[in-house]
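Colleague: I should like to learn how the features of a protein model are read, one at a time. Could we work through an example together?

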Amino acid sequence: MMTGRFLVTGGAGYVGSHLVAALVDQGASVTVMDNFRTGHRAAVPPQARLVAADLADVEQIDAVLAEGGWQAVFHFAALSQVGESMRMPMRYLLDNAANGMRLIDSCIRHGVMRFVLSSTAALFNEPGEAPIPEDGRIDPQSAYGDSKWMIERALHWAGQVHGMRYACLRYFNAAGADPAGRLGEDHRPESHLIPLVIDAALDRRPALEVYGDDYPTPDGTCIRDYIHVSDLATAHLLALEHLDRGSVVWNLGNGAGHSVRQVIAAVERVSGLTVPHRIAPRRPGDAAVLVASSRRAQEAGWKPVHAALDEIVSTAFAWRKAHPSGYGD
């Protein structure tokens, strides 16, 4: 069981809601702060307190943190579309980096000295080695990736100067849904591969576009590391425990990559349906292979439970089939 009060920004979103459910299941007192631009009220369990707010509203952030008794802040709230960030970089730098720094500053002023950041593999470009370690070369190729890196650096200085203990958790490709069926993935618009493949199989969208089949991979399509969203939630809880010993920076992935064609094949196996798809030109900036080394997290005791691709796809397919309109909002 986990006691204490926790603030979860973006707790109505995909990964954030799974973390909120994990905290509530352990008996914690949870407050969710979300502006609902991409989150869903129905994804927040009734046991959690809900504050509709935007992180740009410093007075409201201060008012919540001034209540006191907070054990930690989990920060998920962010814009997360890489392509969109390249069209509107200032929006991403303001919404993600500047608002994240405002939140960190407010935490310092109110004595909340444990902070867990939802970071990203978008910090890395074409890796010099695979799997990618935490000390791999940081070279964001998008405003989104840079906005997360800026928050990581802000946390570094918050730790150096003010003693804040923080965890920067760099996800690779979050995927799947709560195995109990309570929560799933509902982005508007959807950009993640697995739900797009599932929707193509269910005839809810046109044929899937596979961006490039001439990469230097076994089947010519890009390879990515898919990590189940419930395993990500578990990693957040473990990282929180480790803040008693000091700050951590972890990559979070399965350590094994799967190509776009392999994901299509997995959806077809799980669903028994055919996935209509066509080959399209490569997208600028897509790396051939991005696979995580999660050695640090594993040495700390974390191990993905839902590691098999078919299991990840199965949970995603079950939720998406049962919720054709997502959360319905």
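Modeller: The turns below take up a helix face, aromatic pairs, backbone geometry, two residue environments and a cavity. Please keep in mind that this is a predicted model.

Colleague: Let us begin with helix H2. Which of its residues are buried?

Modeller: A residue counts as buried at under 20% relative accessible area. In H2, which spans residues 58-65, the buried residues are Ile 61, Asp 62, Val 64 and Leu 65. Viewed down the axis of H2, these buried residues fall within an arc of 165 degrees, so they line one face of the helix.

Colleague: What covers the buried residues of H2?

Modeller: The cover includes four strands, namely S1 (5-9), S2 (29-34), S3 (49-52) and S4 (70-75). Helix H4 (89-109) also belongs to that cover.

Colleague: I turn to the rings. How many aromatic pairs does the structure hold, and how is a pair described?

Modeller: In general, two numbers describe a pair of aromatic rings: the distance of the centres and the angle of the planes. The structure holds 4 aromatic pairs. One of them is formed by Phe 6 and Phe 74, with 6.0 Å centre to centre and 50 degrees between the planes, and is classed as tilted. This pair links distant parts of the chain, since Phe 6 belongs to strand S1 and Phe 74 to strand S4, 68 residues apart. Both Phe 6 and Phe 74 are buried.

Colleague: What are the distance and angle for Tyr 92 and Tyr 144?

Modeller: Tyr 92 and Tyr 144 are 6.5 Å apart centre to centre, with 90 degrees between the planes. An angle over 60 degrees counts as edge-to-face, and the pair of Tyr 92 and Tyr 144 is therefore edge-to-face. This pair, too, links distant parts of the chain: Tyr 92 is in helix H4, Tyr 144 is in helix H5 (residues 143-162), and they are 52 residues apart.

Colleague: Are Tyr 92 and Tyr 144 buried or exposed?

Modeller: Tyr 92 is buried, at a relative accessible area of 0%. Tyr 144 is buried as well, at 9%.

Colleague: Next, the backbone. Which residues other than glycine have a positive phi?

Modeller: Two cases may be cited. Phe 36, in the loop between S2 and S3, has phi near 65 degrees. Asp 203 has a positive phi of about 60 degrees and lies in the loop between H6 and strand S8 (208-211).

Colleague: How do the surroundings of Phe 36 and Asp 203 read in terms of accessibility?

Modeller: Phe 36 counts as buried because its relative accessibility is 18%, whereas Asp 203, at 67%, counts as exposed.

Colleague: Where is Pro 189, and is the peptide bond from Arg 188 to Pro 189 cis or trans?

Modeller: Pro 189 is found in the loop between strand S7 (173-175) and helix H6 (193-201). The bond from Arg 188 to Pro 189 is cis, with omega near 0 degrees.

Colleague: How should one read the environment of a single residue, for instance Pro 131?

Modeller: One may join its location, accessibility and contacts. Pro 131 is in the loop between strand S5 (114-120) and H5, and is partly exposed, with a relative accessible area of 37%. Not counting residues up to four places away in sequence, Pro 131 touches Gly 255, Val 291, Ala 292 and Ser 293. The C-alpha atoms of Pro 131 and Arg 295 are separated by 9.9 Å, although these positions lie 164 residues apart in chain numbering.

Colleague: And what does Leu 252 contact?

Modeller: Leu 252 is in strand S11 (residues 248-252) and is buried, with a relative accessible area of 0%. Leaving aside neighbours within four places in sequence, its contacts include Leu 169, Tyr 171, Phe 172, Ile 227, Ala 292 and Trp 302.

Colleague: Finally, how many cavities of 30 Å³ or more are there, and what lines the largest?

Modeller: There is 1 cavity of 30 Å³ or more, and the largest cavity has a volume of about 50 Å³. Its lining consists of Gly 176, Ala 177, Gly 184, Glu 185, Pro 195, Ala 316, Trp 319 and Arg 320. By class, that lining has 4 nonpolar, 2 polar and 2 charged residues. Helix H10 (residues 309-322) gives the most to the lining, with 3 residues.

Methods. Residues numbered from 1 in each chain as written. Predicted model: local features only at pLDDT ≥ 70, side-chain atom pairs only at ≥ 80, totals over all residues. Heavy atoms only, no water. Buried < 20%, exposed > 50% of the residue type's maximum accessible area, 1.4 Å probe, protein only. Helix = DSSP H or I, 4+ residues; strand = E, 2+ residues; numbered from the N terminus. Arc of directions from axis to C-beta. Contact = heavy atoms within 4.5 Å. 1 Å grid on protein atoms, 1.4 Å probe; cavity = no way out; pocket = protein on both sides within 12 Å on 5 of 7 lines; lining within 4 Å. Points joined across faces, edges and corners; volume = space filled by probe spheres on them. Nonpolar A, V, L, I, M, F, W, Y, C, P; charged D, E, K, R; others polar. Phe/Tyr/Trp six-rings, centres within 6.5 Å; stacked < 30°, edge-to-face > 60°.
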